[in-house]
Number of protein chains: 2
Amino acid sequence: MDYPLTLSAVFRRAEALFGKQELVARNADKSIHRYTYADWANRARRLASAFESLGLKSTDRIATLAWNHGVHLEAYFAIPLMGGVLHTLNLRLHPDEIAYIANHAEDRAVVVDPSLLPLWEKVRPQLKSKVIEIVNGDPKSPGASPDALGYETLVAAAKPIPDRPDVDERSAAAMCYTSGTTGAPKGVVYSHRSTVIHTMAQSMKSCMGIGEEDTVMPVVPMFHANAWGMPFAAIMNGAKLVNPGPHLDPASLIDLFVKERPTIVGGVPTIWIAVQQVLEQNPGKYDLSSIRAMYVGGSAVPQALIETYEKKFGLRIVQAWGMTEMSPLGSVAHEPPREKFASDDDRFKYRAKQGRPAPFVDIRARSEDGIVPWDGQTMGELEVRGPWISSAYYNRPDAADRFTDDGWFKTGDIVTIDGSGTIQVQDRSKDVIKSGGEWISSVALECALMGHPAVAEAAVISVEHPKWAERPLAAVVLKPGQKASPADLKQFLAPQFPKFWLPDAFEFVEAIPRTSAGKFKKSELRKQFKDYRLAE
Amino acid sequence: MDYPLTLSAVFRRAEALFGKQELVARNADKSIHRYTYADWANRARRLASAFESLGLKSTDRIATLAWNHGVHLEAYFAIPLMGGVLHTLNLRLHPDEIAYIANHAEDRAVVVDPSLLPLWEKVRPQLKSKVIEIVNGDPKSPGASPDALGYETLVAAAKPIPDRPDVDERSAAAMCYTSGTTGAPKGVVYSHRSTVIHTMAQSMKSCMGIGEEDTVMPVVPMFHANAWGMPFAAIMNGAKLVNPGPHLDPASLIDLFVKERPTIVGGVPTIWIAVQQVLEQNPGKYDLSSIRAMYVGGSAVPQALIETYEKKFGLRIVQAWGMTEMSPLGSVAHEPPREKFASDDDRFKYRAKQGRPAPFVDIRARSEDGIVPWDGQTMGELEVRGPWISSAYYNRPDAADRFTDDGWFKTGDIVTIDGSGTIQVQDRSKDVIKSGGEWISSVALECALMGHPAVAEAAVISVEHPKWAERPLAAVVLKPGQKASPADLKQFLAPQFPKFWLPDAFEFVEAIPRTSAGKFKKSELRKQFKDYRLAE
């Protein structure tokens, strides 16, 4: 039974059993690329050899700077196959940040999309050591290094790497940096073992339940926590995989939904808010009936979005919660199948929570008074541990305070947990509003505000208050052509919250600033409103 | 990420998340017992403490001699919770064999059903050291030892065991002895890790796909390879579990199907052959529509059985293949969802094979010429390896020849493997018929014969032949009131096989001898026909 859990085993299985299955991706020029698992596996084996022929060795970090497509998926497996560490760079970061990350990880090579060479060109001069540049296209593309190599030439010249004795399952297979809003980005290393166990869990029904009959379309980028593990789970189970390439606009996505008939899709809420607008403008035009679950995570999903998708389009949004440090799966909000919900509204309320933990994810929440009870009321910072949850950041002893002495990861999320183990995220610890000693959940207020028919987006932050220390301020983006007054919004919220939770001020803005992951960047918003003065 | 994969983690999850879920079992007196996960978990924690209070320690083997029911399920988790090793004794074995096994395993205690005390009474005098006797009922029941303890008294007096730091995932959690037809029984030890990974795989769609919405009913005994892992998978996922207790007759089973509405059931072919007869005698009487999959394994499933269930009763038989040494999951014959089968018959033919390997089960087959190609034609002995597959028997260095030098388990099954990795078992290596240097599959002949309308059961064995060394003889049990001549049967087989495969002789018998696991005992049959002389 000394069989190590490695990505090589996942790869061999896919190659042996699912050779005829399809992999589909949209190219940069909007055309569709389509090939089989058999072709993909052969190219991945060749790529692994090519890395070796370039002098890259076991434990070397090999970066990717790429959208979601077949070549990226080849690198996903080729790098661990030759013992290297897949390091997905986040193309939405500033070049200085990418350079910091590539230097910190000591990346020795990068596979880069031609369209991202202008970005990489700004990173390159800041690199502290030589990084072999492999262009997924013409190596003479604008912005490429003079000694850049062509991906296709390398792959064509290489022989498929043969099966090797499996590496230690605890050796590194992949890494990813968090794009936190404060401090330098922190690296998280995923071992073969952690990735495999995460993939098995992700395949289970209480999580995504991916099977061979599925067509999986990760709209979440492959550089965000490995697209939530969807590529690994699709490959292990022999599912058809559809990748959107760089085209994440609603029209391009809907076109893939209609033509490739995904059964499972995944992405952040902003993607589905944008898609919703197109669907509303074209009622009945698109047949999206193949989709049985839309997994949404990355930030809290407003109940109104879940309801709209189900009632208007017959599509099921399933909220999932996780973090880069967690591979990223933490919990999934499938409603308990035998639960008797008193009303449809109760059912949707349940699904607007973050759900119950995945198998082997242990949870607890802690307030200043210690571990909080599972009463659905008491807030505390969520702590987690499990076989795919980090117990340290890569080479960052200064960030050890994010882990408890007994080995749990402090998520920074302020939550309640109810008697059935259902988590509800109330806030990020740095965003929670402390008014007169009581906590107010900015997330709850935002999600409720986004249920108002005139509101497109809302973010709630704390501003200083002479008496209560902090009070909530809501920054609101109205839908085009819609109107609502602060009094309207306050009245809309009033029945849903204790009186002292209601924002003291509503400010109408053009847009909410966002992080590279598409989340609200509240630090930016707080800066914007830092001199805001509320009346006592 | 140093989170060990243990049954304690599975237990804690079930207790924390699924407290309200139901566990149902039929009692010895035919009444129904029903309680919740919360009650079960509390009793399991008390039982774990009780074991400790009896002086039992970590690594001690604690046996069970019991049918499928709640108390057995309490022991399933209580024993690993306190660090012990769950040793399920096979109540169908001869008392001498049970005594050999209990002595070899050095069992220190046993939990025994009152109805099995007459059996245990014959085992007890042969035990080499003291075994604490815990009766699941009145400790003064007939056949009990004078110092036997009562299960309920122990549990009532004990305090629930608190959570402990998890044990090493590679420590032993359970063990099971194979009831081979030759040689002394051999023990297989399952670690926490192997059981957990097996449970995760069993939960995946390509295997049983057990989820919280399921009601799982293992008809296979909990003393046969842990009821194929179904109890562990049900508990991990929070499914409702229904156990048949000692009542495995068709009427009792059908009664549970109708009243408890299982979605997934599992058992050996003989169970379903018996159920079929009752269903055929009572067309339309029973509503079995809740069952979405009947997993059948333990011996090859005749295509006719699969077809009958689907066409007559609308029930889907899914064949699974495995062995005690494999925890036991090896492969499952879900037809590939995107495969285009030319006809219904082709589809059923596929499902009569043993299917494709579970995730992380590596397969290869070897003939005298080495590893055979995956051509669906060439026969070889199947070798397997994986995270839940044994690499040695417990304290049996003499049986090391069942494992290859590079760590694969030699299954003793003669198989073909096709290009998509689908296994078809042709025979047990000791049953395969070698006629003039060519192999003939006794299993294929049997399965085909059982498709004849007059045939209830058939077993094919080799008998000596002066020219061809061995030739096939078919022992046939006719259905009551049905007739068929040897010529009829030969004509029925002729279109399906090469001419030289057709049995030289057909002998009509009252019954096929069986092993304790309900499989055909061909060694017995060969003994019966050892002096049979075929004409040249």
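**Notebook: strands, chains and odd backbone spots**

Before anything else, a definition I need: two strands pair if DSSP finds at least two bridges between them. Helices (H or I, at least four residues) and strands (E, at least two) are DSSP runs, numbered from the N terminus.

Ground rules next. This is a predicted model, where local features need pLDDT of at least 70 and side-chain atom pairs count only at pLDDT 80 or more, while totals for chains, interfaces and linings use all residues. Residues are numbered from 1 along each chain as its sequence is written, and chains are lettered from A and ligands numbered from 1 in the order in which they are written.

**Entry 1: the 5-strand sheet**

I started with an open sheet in chain B that runs β18-β17-β19-β20-β21, with antiparallel pairing. At its edges I found β18 (370-371) and β21 (423-428), each with a single partner strand, so one side of each has no neighbour in the sheet. Inside it, β17 (362-367) and β19 (380-385) of chain B run antiparallel and share 5 bridges. I picked out one pair there: Arg364(B) has Glu383(B) in β19(B) as its bridge partner.

A reminder to myself: strands of a sheet pair through backbone hydrogen bonds, either parallel or antiparallel.

**Entry 2: the 7-strand sheet**

Chain B also has an open sheet of 7 strands, ordered β7-β6-β5-β3-β4-β8-β9, and its pairing is mixed. Here β7 (149-150) and β9 (186-191) are the edge strands, each with a single partner, so one side of each is left free of a neighbour in the sheet. I checked β4 (85-88) against β8 (172-178) in chain B and got a parallel pair with 2 bridges. His87(B) sits opposite Met175(B) in β8(B).

**Entry 3: hairpin, then crossover**

β24 (455-465) and β25 (469-478) of chain B are antiparallel, with 10 bridges between them. They make a hairpin with 3 residues in between. Ala458(B) faces Val476(B) of β25(B), and Val476(B) also has Phe508(B) in β26(B) as a bridge partner. That second pairing, β25(B) with β26 (505-508) of chain B, is parallel and has 4 bridges. To get from β25(B) to β26(B), the chain passes through helix α14 (486-493) of chain B in a right-handed β-α-β crossover (with the strands pointing away from the viewer, the path from the first strand over the helix to the second runs clockwise).

**Entry 4: how the chains meet**

I counted 36 residues of chain B in contact with 36 residues of chain A (contact: C-beta atoms, placed from the backbone, within 7 Å). The elements of chain B giving two or more residues to that side are α1 (7-17), α7 (192-203) and α8 (230-237). Since 100% of the interface residues of chain B are also interface residues in chain A, the copies meet through the same surface.

**Entry 5: unusual backbone**

Which residues of chain B are joined by a cis peptide bond? They are Ser327(B) and Pro328(B), with omega about 10 degrees. Pro328(B) is in the loop between β14 (317-322) and β15 (329-332) of chain B.

Phe360(B) isn't a glycine, yet its phi is positive, about 75 degrees. Is Phe360(B) buried or exposed? It is buried, with 25 other C-beta atoms within 10 Å. Arg261(B), with phi near 55 degrees, is partly exposed, with 16 other C-beta atoms within 10 Å. (Buried takes 20 or more other C-beta atoms within 10 Å of the residue's own, exposed 12 or fewer, partly exposed in between; C-beta atoms are placed from the backbone.)

Technical notes:
Two residues are in contact if their C-beta atoms, placed from the backbone, lie within 7 Å.
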